[in-house]
Amino acid sequence: MTDRFQAVLISRDEDKNQSVDMVELTEDDLMEGDVTVAVEATTVNYKDGLAITGKAPVVRRFPLVPGIDFAGTVTRSSHPDWKEGDHVILNGWGVGETHFGAYAARARVRGEWLVPLPEGMSARDAMAVGTAGYTAMLCVMALERHGITPARGPVVVTGAAGGVGSVAIALLAGLGHHVIASTGRPAEADYLKDLGAAEIIARDELSNPGKPLGKERWAGGIDAVGSHTLANVLSMTSYGGAVAACGLAQGMDLPASVAPFILRGVSLLGIDSVMAPKELRLEAWRRIATELDHAKLAALSTLVPFKGVIAAATDIVEGRIRGRVVVEMP
Ligand code: NDP
């Protein structure tokens, strides 16, 4: 008999009404792939929230098991890079969008999508980082490639109390940057300072329509918010600086002017984690494992049981999650 396991399943009826249920699946129900993984931990990212609530068209195949990232152990493999017992991480590649994802005890994926779990990291640690944290590292690496060193001036982080923001603050502070954290949750000031923020600014300083060019306040930025916030971050970036843009928590629009680009030589660096090449992923995870303070990672993450995953998905799109959520598998 094939073992049954719990999974979250998103379905749609003929009228395109979406429903989300806890179901039981077997490995025979999984999609094609050359590696099967026992999922040991997963997480709730903003995109998972959008998928489960149906607020944005993240899911492009129904029915679908959502969940864009997991860490676990290989149980079966016909891929040359992986064998039974290997510890692996998966981020993106359309998993949880077009391919059955992380919210099930088993996942079957393509071997080239996986990276090894770094030495010394547990599956839970990896999911405390998750796609949000790995994206924060991709942002840091992009700023570094642009020459944004601590000596150049402060770095602003928007959506600071969220997943990308929290990990970005911890990483940047660890590298010696003066971090300015922008948040709509002033009650989280102590949390953000403990992660390493040197200054806290109110979200609404940046979230309203602003001027094409403002006072130069920072050399770099990591923006998880988009819309007016990103436009204002750009307008206040100092000469030759750069902003890594990865998110859309405020909106997908970018009501900006070209002034920061043509008058201050500011660069806008686009960050995508989903299709990022393997070398970049390996470098990001290697650096996360060695550079992210363990105590800070523990402080920014909370554990929820598997049955709480649907509620946590609603909470994240409502802006009620602080830092990162790790989902414990049943
Ligand atoms: P979170 O929900 O954890 O964080 C988003 C934060 O943005 C919130 O905590 C809040 O921070 C702030 N925020 C929320 N709503 C608004 C609003 N209306 N206006 C201004 N600020 C707002 O999400 P994640 O950190 O997981 O993801 C952040 C963004 O990055 C998402 O848009 C996500 O889709 C994107 N992302 C992109 C990736 C990529 O590959 N490019 C990969 C991973 C994430 P505060 O309360 O501190 O103000």
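**Backbone features, ligand shell and empty space**

Pro63 is found in the loop that runs between α1 and β4 (69–77). In this predicted model, the peptide bond leading from Phe62 into Pro63 is cis, and its omega is near -10°. A second backbone feature turns up at Lys16, in the loop between β1 (4–12) and β2 (18–26). Lys16 is a residue other than glycine, yet its phi is positive, near 65°. As background for both cases, most residues other than glycine have a negative phi, and most peptide bonds are trans.

Attention now turns to the ligand. The shell around the ligand holds 25 residues, and those that come nearest are Val164, Thr183, Gly184, Arg185 and Ser273. By residue type, the shell comprises twelve nonpolar, ten polar and three charged residues. Ser273 also places a polar side-chain atom 2.7 Å from an oxygen atom of the ligand. The backbone takes part as well: a backbone N or O atom of Tyr46 lies 3.4 Å from a ligand oxygen atom, and a polar backbone atom of Ala160 is 3.4 Å from an oxygen atom of the ligand. On its own, the ligand has 920 Å² of accessible area, and the protein covers 88% of that area.

Where does the ligand sit with respect to the pockets? The space taken by the ligand is the largest pocket. Two elements, α2 (123–145) and α3 (163–174), give two or more residues each to the shell around the ligand. Of the elements, α2 gives the most to this shell, with three residues.

It is worth looking at this pocket for its own sake. The largest pocket contains about 1200 Å³ of space. Its lining is made up of 47 residues, with Tyr46, Ala224, Gly247, Leu248 and Ala249 lying nearest the centre. Elements that contribute two or more residues to this lining are α1 (46–53), α2, α3, β9 (179–183), α9 (309–317) and β15 (324–328). In character, the lining of the largest pocket divides into 22 nonpolar, 18 polar and seven charged residues.

The second largest pocket offers about 150 Å³ of space. It is lined by 14 residues, and the closest to its centre are Gly226, Leu230, Ala245, Gly247 and Met252. Two or more residues of this lining come from each of α5 (227–235) and β13 (267–270). Seven nonpolar, five polar and two charged residues make up the lining of the second largest pocket. Gly247 thus appears among the residues nearest the centre of the largest pocket and among those closest to the centre of the second largest pocket.

The last topic is enclosed space. Rolling a probe the size of a water molecule over the atoms shows where empty space is left. How many cavities of 30 Å³ or more does a search of the whole structure find? The search finds one, and the largest cavity holds about 40 Å³ of space. The residues lining the largest cavity are Met121, Asp125, Ile288, Ala289, Leu292, His294 and Leu297. At least two residues of this lining are supplied by each of α7 (278–291) and α8 (294–300). Sorted by type, the cavity lining has five nonpolar residues, one polar and one charged.

Key. Residues are numbered from 1 along each chain as its sequence is written. This is a predicted model: local features need pLDDT of at least 70, side-chain atom pairs count only at pLDDT 80 or more; totals for chains, interfaces and linings use all residues. Side-chain values use heavy atoms; hydrogens and water are left out. A residue is near a molecule or strand if one of its heavy atoms lies within 4 Å of it. A polar contact is a pair of N or O atoms within 3.5 Å; within protein, one must be able to donate a hydrogen and the other to accept it, and residues adjacent in sequence count only if both atoms are side-chain atoms. Accessible areas come from the Shrake-Rupley method with a 1.4 Å probe; for residues, only the protein chains shown count as cover. On a 1 Å grid over the protein atoms alone, a cavity is a set of points where a 1.4 Å probe fits but cannot get out, and a pocket is an open set with protein on both sides within 12 Å along at least five of seven lines; lining residues have an atom within 4 Å of a point. A molecule sits in a cavity or pocket if more than half of its atoms lie within 2 Å of its grid points. Helices (H or I, at least four residues) and strands (E, at least two) are DSSP runs, numbered from the N terminus. Ala, Val, Leu, Ile, Met, Phe, Trp, Tyr, Cys and Pro count as nonpolar, Asp, Glu, Lys and Arg as charged, and the others, Gly among them, as polar. Grid points are joined across faces, edges and corners, and a volume is the space filled by probe spheres set on the points.
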